[in-house]
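Trainee: Could you take me through one part of this model up close, the loop that leads into the second helix, and then show me how it ties in with the rest of the chain?

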Amino acid sequence: MSALPPEGNLTTGGVGPSGLPYTILRTTRFHNLLVLVLGQPARSGILLVPAGTDFQPVEVAEVAARLVEPALGAPAGWVPDMGGPEIVSAAEPARTYPRVTGGRGPVVPLLVPGRIAAAFRCGVHLAPDRPAGCGTFADFVSVAAGPSGYEAAGSPLRLAP
C-alpha cells in the first residue's frame, strides 16, 4: 500500500464518519496531466521539474477499466491504490515530451520548498506496490503526437479535428 494512509482527509474528515457507503480508488497522476503541465513551460524553452521527485503516471483508460468493478459492486471503502507501470524521475517525462513533440530546451531540476513538496520527494503520491496497466508515458506521448488521435500542433497536445 502507499505512504498515504486510508485514514486521510476523505475518510476521517468527510466520507467515512458520514455513515454513507463509499468506495475510494486513489490513483497516481494521469499521462494527460503531465502533458498539460509539460506543454506550458515548453514554450519558454526551459522545463523546470521538481528535484528529487518521481512520478508513476497511469493511462486514463486503464484507470477507467479498473473503476468498473468497484462501481458495479457494493461499496468497499478504501480499495487498493493504482499506479502506472513504471516509476520515473520527474526529469524523464520532461525530456520525453519535447523529444516526441519537436520541442527543445534544457530540463532544470528545482528544489521546491515546503511540506507538500517534501512529501512528494518521499513518494506519498506513488503506488509502488500497485503498478498497473502497460501504457507508459513515452508510449502515450508517441501515440498522442501522431495522426491517430492527437496532434502536436504547438503545446500542449490537443485532440485532432
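Mentor: Sure. First, how the elements get their names: helices (H or I, at least four residues) and strands (E, at least two) are DSSP runs, numbered from the N terminus. Keep in mind too that this is a predicted model. On that count, the protein has six helices and eight strands. Read from the N terminus, they come in the order α-β-α-β-β-α-β-β-α-β-α-α-β-β.

Your loop sits between strand S1 (23–24) and helix H2 (31–39), and Thr28 is in it. Is Thr28 buried or exposed? Its relative accessibility is 4%, and buried means under 20%, so Thr28 is buried. As for what surrounds Thr28, leaving out residues up to four places away in sequence, the list of contacts is Gln56, Pro57, Val58, Met82, Gly83, Gly84, His125, Leu126 and Ala127. One of those contacts has a polar side to it: a polar atom of the Thr28 side chain lies 3.4 Å from the backbone nitrogen of Gly84.

Now look at Arg26. The side chain of Arg26 meets that of Asp81 in a salt bridge, at 3.0 Å from N to O, and the structure holds just one salt bridge. It ties together distant parts of the chain, with Arg26 in the S1–H2 loop and Asp81 in the loop between strand S4 (77–78) and strand S5 (88–89), 55 residues apart. Both partners are buried. That long reach fits the wider contact pattern: of the contacts between residues at least 6 apart in sequence, 83% join residues at least 24 apart.

Follow the loop into H2 and you get to a helix with two kinds of surroundings. On the outside, Phe30, Leu33, Leu36, Val37 and Val60 make up a nonpolar surface patch, with about 390 Å² of accessible area together. H2 is its main contributor, giving three residues. Take Leu33, which lies in H2: it is partly exposed, with a relative accessible area of 37%. Zooming out, the protein exposes about 8,900 Å², and carbon and sulfur atoms supply 63% of that.

On the inside, there's the largest nonpolar core, with 15 residues, where Leu38 and Phe137 touch the most other members. H2, strand S2 (47–50), H4 and helix H6 (137–145) each give it two or more residues, and H6 has the largest share, at four. Apart from it lies another core of five residues, which include Val58, Val63, Val79 and Met82. Two of those names should ring a bell, as Val58 and Met82 are among the residues Thr28 touches. In soluble globular proteins, nonpolar side chains tend to be buried together.

Phe137 is worth a click of its own. Not counting residues up to four places away in sequence, Phe137 touches His31, Leu34, Val35, Leu38, Pro57, Glu86, Pro93, Thr96 and Tyr97. Pro57 turns up in the contact list of Thr28 as well. Three of the other partners, Pro93, Thr96 and Tyr97, are among the buried residues of helix H4 (residues 91–101), along with Ala91, Ala94, Pro98 and Thr101. After H4 comes Gly102, with a positive phi near 90°. Over the whole protein, 35% of the 161 residues are buried.

Definitions and conventions: Residues are numbered from 1 along each chain as its sequence is written. This is a predicted model: local features need pLDDT of at least 70, side-chain atom pairs count only at pLDDT 80 or more; totals for chains, interfaces and linings use all residues. Side-chain values use heavy atoms; hydrogens and water are left out. Buried means under 20% relative accessible area, exposed over 50%, partly exposed in between (1.4 Å probe, protein chains only). A polar contact is a pair of N or O atoms within 3.5 Å; within protein, one must be able to donate a hydrogen and the other to accept it, and residues adjacent in sequence count only if both atoms are side-chain atoms. Contact means heavy atoms within 4.5 Å. Patches are made of residues with over 30% relative accessible area and no salt bridge: like charges are joined within 9 Å, nonpolar side chains (Val, Leu, Ile, Met, Phe, Trp, Tyr) within 5 Å. Accessible areas come from the Shrake-Rupley method with a 1.4 Å probe; for residues, only the protein chains shown count as cover. A salt bridge is a side-chain nitrogen of Lys or Arg within 4 Å of a carboxyl oxygen of Asp or Glu. A nonpolar core is a set of buried Ala, Val, Leu, Ile, Met, Phe, Trp, Tyr and Cys residues joined through side-chain atoms within 4.5 Å.
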